[in-house]
Each structure stands twice: as structure tokens, then as C-alpha cells.
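Reader: I have one request. Take a single part of this model and go through it closely, then show me how its surroundings connect.

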Amino acid sequence: MSRFEKDRMFTLLLVYLLTLVFPLGHASLPLVINTWPFKNATFTDHQSLRRDVKCAENLLASITASCQVWPPHLDVTLGEAWSVLQSGGSVLNAVEKGCACCETEQCDGTVGYGGSPDETGETTLDAMIMNGDTMEVGAVADLRRIKNAIGVARAVMEHTEHTLLVGESASVFAENMGFIAEDLTTNKSLNIFSQWLKGNCQPNYRKCVSPDPSEYCGPYRPHVPLLRTTLERQTNIHSHDTIGMIVIDQNGHMAAGTSTNGLTHKVPGRVGDSPIIGAGAYVDSSAGGAAATGDGDVMMRFLPSYLAVELMRAGADPTAACVSAISRIKRHHSEFFGAIICANTTGHYGAACNKVPGFSQFHFMVSNPETNPPALKSVDCF
């Protein structure tokens, strides 16, 4: 039996067993679910589907009220998406405004401007948005000078025949579409970069180069060591906090989106999983949606969001689909850091995460007619 056949049999058996363990509970629509406790983003998506005209006013109100309970950047994100849904707005509007809210609030420093500077100290953005009805996708990667990455991603989807634009050309496209060019650097990101340089550029993501990247800064040249060694990296759960969002309206229309400023101290030009269709997120209104977060360089090799949606299409419970997607990666990279959220067409949802030192539980936000205010959910990693 080939390795492919063994993997397939393992996945099918795992899904079957997990579906027995995690039976479907009660579900309701509309639904907004997003990675991490970015509460205000979710709340915005929901309201947008009901009060789209007053969205800006609701956003300001939600920011003011939520700051009393949550850190500001966490509240604004979930709230914005739910507001769009409640306003009668489209699922695409909900996803876009929810993610944009997180970009503006610089959620946890890992979304939006002023965070995750690369080796040169520059902040760049990645984002993606997908229409579950038409399967249209727009994405941008390595975006410079433009704060509203999710908005540019939607412009790619609606104003070009392409799916993904990258780098300087993506920034020029955004400017031509009317997006404002601004400096994405802040005093905070400059300080992060300065401290990194003082610490001999540690950590970094170079290997098999000279000088020794574990001790020195670059520039680097290719170098093949006589004995290959595996460098152990300490998991930093705050360097991978992509905002991933799934939205379903009352009629079953679905959309998904992601936004991030990537990995801190990354090699310039690096693109993670967030803007990659099937990796960062995937949605099909006839099956379900999923969004992933974590070590994108590892996770994107397995297309976990696509896998989870296809498993739900085959009848898997959302939790079982999430667990199976994480298990597929875990079989090859047992120490990877990552999590995924899933939702099917009826509004059932689930999540799963890989347990590593410093990360034993994954938190995510849910908003539907049964959660008022939006609920913080958690799942134990395995």
C-alpha cells in the first residue's frame, strides 16, 4: 500500500471516529466566527448584514463600549463583522469590514500596520477574501504602504481577472484603485527592529548560510554545513496571530477572509499561508468554510482549510474536520504551532489546535443569534 493510500485511509478512519465523538449540536444562522479573541471584528461582520448604512457609527460605538471589557484591538474586530450582517449587508462586506477593523486596530500587533517588521525593518501585509457562492478570490501579499490590505484583496477580486497580486506591483495597483499610500512603520515596529539588531538579529529564519545565522546578522551567503543540524525554535504564539474569518448569512451565503502582517523578522519577500487559497482560508457555500492560523510556512504545505472543507462536504462534523486537518500536519511536523476554525452550511462550527509548549488552548470568537454578546470560545489542543 502506497503512502498516499495509507494517508487517505488514516484520514477517513479518523474523520469517522471523530464524527462519532463530536456529534452535531444545535446550530443557528447567521454566523460569524474568527480566529483568536478579536471580538470587535466578529461583532462588526454580523451587524453589517443588517445595518450597513450605519456601520461607521456602530464601529465607533463598539470601540468605545468594548474598551471597558476587552483590550481595544480585541473588541473592535468581532463586533464589526456582526454589525454588517445585522444591517442586511452581504457576507463579503462583513468579512471585509471585520478584517479591516482588525487592520485598523492592529490586532495583537500581528495584523495591520506597525507590526512584524522584516529583516530590513519594513512592515508588509498579506490578505485574502473569498466568495463561497462564486468561488471568486482576491488576494495580496508583500503589500507595502497600504494599510487596508483586505480592501485591496477585494479590489483584486472585483476589478481584475487575477487572483493574487504581490509586492510593489500590488501596491501600485492599490494606489491606482484609490487606496491611500501611507507609511506602515510606527515607533513600536522601529523599536522591535532596533532591539533585534542589537541582539545580533536573533531570532531569524535563515539556514545553511554564512556567517552563522544563529550568532550573526547578514548579509548571508549560501553555505552547506558538514553536519546538518535542526535548530530548535521557541514557540511564540503572538507572532502568528492571523485574523481568519468565516461568515454565513441567514440564506446560507458564505465568505471567508484573512489578514496579517506576517512573521516578525521574516526574510523580505516571504509570503505565508494567509493569502494562499486553501491554506489561510477556503469557503464553498455548498460545503462550508475554514480558516487557519499559526506557522504558515509549515501549514501552507498541507492546505488545511481546503482539506477541512472537503471533509465537511463528505459529511464530517466541523470539529472532526478541524481535528483531521491538524492531524494531517502533525503526522509530519509534530511540533508545529497552529490552529483552525471550521463551519458548515447549517451554522455548526468547531476548532482544533496542535499542542506545543506554551500553547495548550486555542481561543476564538463566535457570534450567532444565540450569543449575545459575542462569545469567546476555546478548545483544548491535542
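Author: Two strands count as paired if DSSP finds at least two bridges between them. Keep in mind that this is a predicted model.

Start with the sheet built on that rule. Four strands form an open sheet, in the order β11-β12-β13-β14, with antiparallel pairing. Its edge strands are β11, residues 281-284, and β14, residues 349-353; each of these pairs on one side only. From one strand to the next, the twist averages 10 degrees.

Now take one pair inside this sheet. β11 meets β12, residues 288-294, over four bridges, and the two run in the antiparallel sense. One residue pair fixes the register: Ala281 has Ala291 in β12 as its bridge partner. Helix α11, residues 304-313, packs on the sheet. The helix touches β11, β12 and β13, the last of these spanning 338-344. The direction of α11 makes about 150 degrees with that of β12.

Next, the annotated positions. An unreviewed UniProt entry lists a "binding site" at Arg270, Val271, Gly272, Asp273, Thr293, Gly294, Asp295 and Gly296. Take two of these residues. Arg270 lies in the loop between β10 and β11. Buried means under 20% relative accessible area. Arg270 has 15%, so this residue counts as buried. Setting aside residues up to four places away in sequence, Arg270 touches Gly262, Leu263, Gly296 and Asp297. One of those partners, Gly296, is itself on the UniProt list.

Asp273 also sits in the loop between β10 and β11. Its relative accessible area is 4%, so Asp273 is buried. Beyond its neighbours within four places in sequence, Asp273 contacts Ala279, Gly280, Ala292, Gly296, Met299 and Met300. Gly296 therefore appears in the contacts of Asp273, a residue that is buried at 4%.

Go back along the chain from that loop and you reach β10, residues 254-260. This strand is mostly covered, with seven of its seven residues buried. The cover extends to both faces. Met254, Ala256, Thr258 and Thr260 are buried on one side, and Ala255, Gly257 and Ser259 on the other.

β10 has two antiparallel partners to look at. One is β4, residues 125-131, which pairs with β10 over six bridges. In that pairing, Ile129 stands opposite Gly257. The other is β9, residues 243-248, which also pairs with β10 over six bridges. There, Ser259 in β10 is the bridge partner of Ile243. β9 and β10 form a hairpin with five residues between them. Gly252, in the turn, has a positive phi of about 90 degrees.

A second annotation lies just ahead of β9. The unreviewed UniProt entry marks Thr242 as "active site". Thr242 is in the loop between β8, residues 221-222, and β9. Its relative accessible area is 4%, so Thr242 is buried.

β10 also helps to cover a helix. In α7, residues 149-159, nine of the 11 residues are buried, so the helix is largely enclosed by the rest of the structure. The buried ones are Ala149, Ile150, Gly151, Val152, Ala153, Arg154, Ala155, Val156 and Met157. Their cover includes β4 and β10, along with α6 (91-105), β5 (137-143), β6 (164-166) and α8 (167-176).

Now the nonpolar cores. The largest has 51 residues. Ile33, Ile340, Ile341, Phe359, Phe362 and Phe364 touch the most other members. Helix α12, residues 318-330, supplies the largest share, six residues. A second, separate core has 38 residues, including Val91, Ile129, Met157 and Ala174. Ile129 is the residue opposite Gly257 in β10, and Met157 is among the buried residues of α7.

Ile33 shows what the 51-residue core looks like locally. Leaving aside neighbours within four places in sequence, Ile33 contacts Gly244, Met245 and Ile246, and also Ile341, Cys342 and Ala343. The list goes on with Tyr349, Gly350, Phe364, Met365 and Val366.

Last, the whole chain. The chain has 12 helices and 16 strands. Buried residues make up 56% of its 382 residues. Among contacts between residues at least 6 apart in sequence, 70% join residues at least 24 apart. The accessible surface comes to about 16400 Å², and carbon and sulfur atoms account for 55% of that.

How values were computed
Residues numbered from 1 in each chain as written. Predicted model: local features only at pLDDT ≥ 70, side-chain atom pairs only at ≥ 80, totals over all residues. Heavy atoms only, no water. Buried < 20%, exposed > 50% of the residue type's maximum accessible area, 1.4 Å probe, protein only. Contact = heavy atoms within 4.5 Å. Areas by Shrake-Rupley, 256 points an atom, 1.4 Å probe, with all protein chains shown as cover. Axes fitted to C-alpha atoms, helices over the stretch in contact; angles between N-to-C directions. Core = buried A, V, L, I, M, F, W, Y, C linked by side-chain atoms within 4.5 Å. UniProt positions renumbered as here; feature names shortened; annotations may be inferred.
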